[in-house]
Amino acid sequence: MNENLSRKDLELAIQKTRDSFDTDKPVVPFIEGDGIGIDIWPASQRVFDAAVEKAYTNGRKIEWQEVLAGQKAFDNVNEWLPEKTIEMFDEFGIGIKGPLTTPVGGGIRSINVAIRQKLDLYACLRPLRWFKGVETPTKNPGNVDIALFRENTEDVYSGKELEVNSEDVGKLNKFLKEEFNWEIRHDSGIGIKPISKTASERLIRSALNYAVENNKKNLAIVHKGNIMKFTEGAFRAWGYELVKNEFSDVAISWEDCSGDAGDKILVQDVIADAFLQQVLIKPQEFDVIATTNLNGDYASDALAAQIGGIGISPGGNINYENGKSVFEATHGTAPKHAGQDKANPGSLILSGEMMFRYMGWNEAADLIIKAMEKSISEGNVTYDLARGRSDAKTLSSSNFAANLVENIEGFK
Ligand code: NAD
């Protein structure tokens, strides 16, 4: 049984989500974040409020509501991820967060993974583009303009792992030997890699829909199906089926057109290792990527490094079907810089930009992008982006935000 929405119903669901934010004062729950969260959240909020105020003359305003998670939650209510936080994200359908400390030792494995799983935020969207003025290790970073869709709920990230020498791993090993005659070394930990048709289709459908909405020319399915045939290979096959069954009016696979897609979106598949070299050598040939969880994790950080922007690389975790979403800075808590008003709030600010676009508040989102482009190209940046630039002025987190606000207020 296919539990997913069809393409048509997905389009309707996305429109319904946007309509729900067509209101003057939506509530947006936020997690400040641990470590540098204390520096970058207030800086980011200033920029968000300035962009909304400038963009809308009708008094639109975000009603920010703080919710707890991470160290701050643990210190206050003795829980790493209070249920109330999930309920608030669920109730208002949206949220934004700074970085969180990953608890060491027992209890919750990762708060970020728990939020994604509890809200079934199946797509991790990472837009990857270069900002003029950012130092990069590559020659033509301006050729990178990619929206990467990473499946967020299964694969080896589903948490189905058994520890070496545990009673459970012994039981599983015995079962595998008896039922499948599979020999696995006795001193192995074992993890399970489920890849379902349901999760693969809804991710790839969302990526295809994004390509259509944003007039993109091509989409690549990135996988290791040459080796993992029934998981990653199936992901690829289900993707192509979807193109044929639901998107044939707007998209076509490479096999069906020998590379000449005409006006349609060209869909091809690339093996993950080959993808990593191709995207380095000719990034301009990739617009939208749809990939599995682990591949997506590696590829998104590799691409962020390629554009010199790991500190300004945003992310969104989205369930396009029920509309829920949580946007987030993709870096960690950088504890050694915490509380010094020094860290770059760019990743969180651009996550907010993604959030506004998701809400249909494109005018506010456009102002944020324009302001970031101006500040960075003029060399008004935080310490991390000032490195290697003789023309740059090093600003604190709060002064960088002030510079962005000044830009926003100055735009005609
Ligand atoms: P990190 O990203 O926190 O820091 C690595 C280095 O990157 C820092 O020392 C700093 O030099 C630089 N950096 C990161 N963000 C920056 C910013 N905004 N401005 C300027 N420089 C910045 O990675 P880590 O040290 O491996 O992890 C620290 C903690 O963060 C751990 O508890 C880890 O589990 C957690 N973490 C959380 C998230 C998340 O919440 N999304 C992601 C990664 C790591």
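**Exercise 1.** Determine how the side chains of R129 and E373 meet, and which elements the pair ties together.

*Solution.* Begin with the atoms: the side chains of R129 and E373 meet in a salt bridge at 3.1 Å, N to O, where a salt bridge is a side-chain nitrogen of Lys or Arg within 4 Å of a carboxyl oxygen of Asp or Glu. The model is a predicted one, in which local features need pLDDT of at least 70 and side-chain atom pairs count only at pLDDT 80 or more, while totals for chains, interfaces and linings use all residues. Residues are numbered from 1 along each chain as its sequence is written, and side-chain values use heavy atoms, with hydrogens and water left out.

Next, place the partners: R129 lies in strand β4 (residues 123-129) and E373 in helix α13, so the pair ties together parts that are 244 residues apart in sequence. Helices (H or I, at least four residues) and strands (E, at least two) are DSSP runs, numbered from the N terminus.

Finally, consider exposure: R129 is partly exposed at 28% relative accessibility, and E373 is likewise partly exposed at 33%, given that buried means under 20% relative accessible area, exposed over 50%, and partly exposed in between (1.4 Å probe, protein chains only).

**Exercise 2.** Describe how helix α13 packs against helix α15.

*Solution.* Start from the geometry: α13 (residues 362-377) and α15 (residues 397-410) pack at an angle of about 115 degrees, with their axes 9 Å apart; axes are lines fitted to C-alpha atoms, for helices over the stretch in contact, and angles run from 0 to 180 degrees between N-to-C directions.

Then list the contact (heavy atoms within 4.5 Å): α13 contributes L367, A371, M372, K374 and S375, and α15 contributes F400, N403, L404, N407 and I408.

**Exercise 3.** Work out where K197 and E201 lie relative to each other, and whether each is buried or partly exposed.

*Solution.* Both residues belong to helix α7 (residues 197-213), where they stand 4 residues apart, about one turn of the helix. Their side chains meet in a salt bridge at 4.0 Å, N to O.

Turning to accessibility, K197 is partly exposed with a relative accessible area of 37%, whereas E201 is buried at 6%.

As a last step, widen the view: K197 and E201 are linked with R205, E241 and E246 in a network of salt bridges, and the structure as a whole holds 33 salt bridges.
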